[in-house]
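This report concerns empty space and aromatic contacts in one protein chain. The sequence and the structure are shown first.

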Amino acid sequence: MTPVKPLLLAGLALGLSACTITTRPAVYLTQSGSNLITDLRPDRGEGSTYWVGEQVRIRLSTRAAGYVTLVALQPNGTSSTLVRNAYVPAGTTTFPRAQDAASWTVAPPRGTQYVRAIFTRVRPTTDLVLRGTYDNGTWNTATNAYVNSYAAQDRDVQETYFWIR
């Protein structure tokens, strides 16, 4: 082996050892776990960056047909409903859909934007209404209370996030 190869390999090993992979289990989402939602992420990927004024789309993949409500928690703690009780077939749906005749433009405040998908196999009989300012604890309580009336095998809750710059 030439002297350059060991140095190259050592440098490569050192560089790779600095890499870490971080996963975010959704253990705080007590109503998740039925594995009906297989993927939820912004169109650029989870943890991606969007600049104020850019469009964002959310991809949702499910194992079964059902109904989804998408809620957002802004960096300042206010919450909004993006989609309410929308029927989705099994597979992948990107929101906003063409029939929604809408676009989602990223706006301040800057920081971490969370989007939570609440999925039920049966049509919801009530609407999730969020008003006011939330922290993760009160937001979890509000969304968990909404899905408690559905059988565990008929519901799933997942969350994704992106950065607003």
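The sections below treat the enclosed cavity, a pocket, and the contacts made by aromatic rings.

## Basis of the report

The model is predicted. Rolling a probe the size of a water molecule over the atoms shows where empty space is left.

## The enclosed cavity

The count of cavities of 30 Å³ or more comes to one. The volume of this largest cavity is about 30 Å³. Its lining is made up of Tyr67, Val68, Thr69, Asn85, Ile118, Thr120, Pro124 and Tyr146. Two or more of these residues come from each of strand 4 (66–73) and strand 7 (111–120).

Strand 4 supplies the largest share of this lining, with three residues. By class, the lining of the largest cavity holds five nonpolar and three polar residues, and no charged ones.

## The second largest pocket

The second largest pocket encloses about 220 Å³ of space. Its lining comprises 17 residues, of which Gln74, Thr105, Val106, Gln113 and Phe162 are the closest to the centre of the pocket. Strand 5 (79–88), strand 7 and strand 8 (155–164) each give two or more residues to this lining. Strand 7 therefore appears here as a contributor under the element assignment, being among those that give two or more residues to the pocket lining.

The lining of the second largest pocket consists of 13 nonpolar and four polar residues, with no charged residue.

## Aromatic pairs

Five aromatic pairs are found in a search of the whole structure. In one of them, the ring centres of Tyr50 and Phe162 are 5.0 Å apart and the ring planes meet at 70°; the pair is classed as edge-to-face because planes over 60 degrees apart fall in that group. This pair joins distant parts of the chain, since Tyr50 belongs to strand 2 (residues 49–50) and Phe162 to strand 8, 112 residues apart.

Are Tyr50 and Phe162 buried or exposed? Both residues are buried. Phe162 is also one of the residues closest to the centre of the second largest pocket.

## A ring cluster and a charge over a ring

Tyr114, Tyr161 and Trp163 are linked into a cluster by ring pairs. A further contact involves a charged side chain: Arg116 lies over the face of Trp139, at 4.2 Å from the ring centre.

Definitions and conventions: Residues are numbered from 1 along each chain as its sequence is written. This is a predicted model: local features need pLDDT of at least 70, side-chain atom pairs count only at pLDDT 80 or more; totals for chains, interfaces and linings use all residues. Side-chain values use heavy atoms; hydrogens and water are left out. On a 1 Å grid over the protein atoms alone, a cavity is a set of points where a 1.4 Å probe fits but cannot get out, and a pocket is an open set with protein on both sides within 12 Å along at least five of seven lines; lining residues have an atom within 4 Å of a point. Grid points are joined across faces, edges and corners, and a volume is the space filled by probe spheres set on the points. Helices (H or I, at least four residues) and strands (E, at least two) are DSSP runs, numbered from the N terminus. Ala, Val, Leu, Ile, Met, Phe, Trp, Tyr, Cys and Pro count as nonpolar, Asp, Glu, Lys and Arg as charged, and the others, Gly among them, as polar. Rings of Phe, Tyr and Trp (its six-membered ring) pair if their centres lie within 6.5 Å; planes under 30 degrees apart count as stacked, over 60 as edge-to-face and the rest as tilted. Buried means under 20% relative accessible area, exposed over 50%, partly exposed in between (1.4 Å probe, protein chains only). A charge sits over a ring if NZ of Lys or CZ of Arg is within 6 Å of the ring centre and within 35 degrees of the ring normal.
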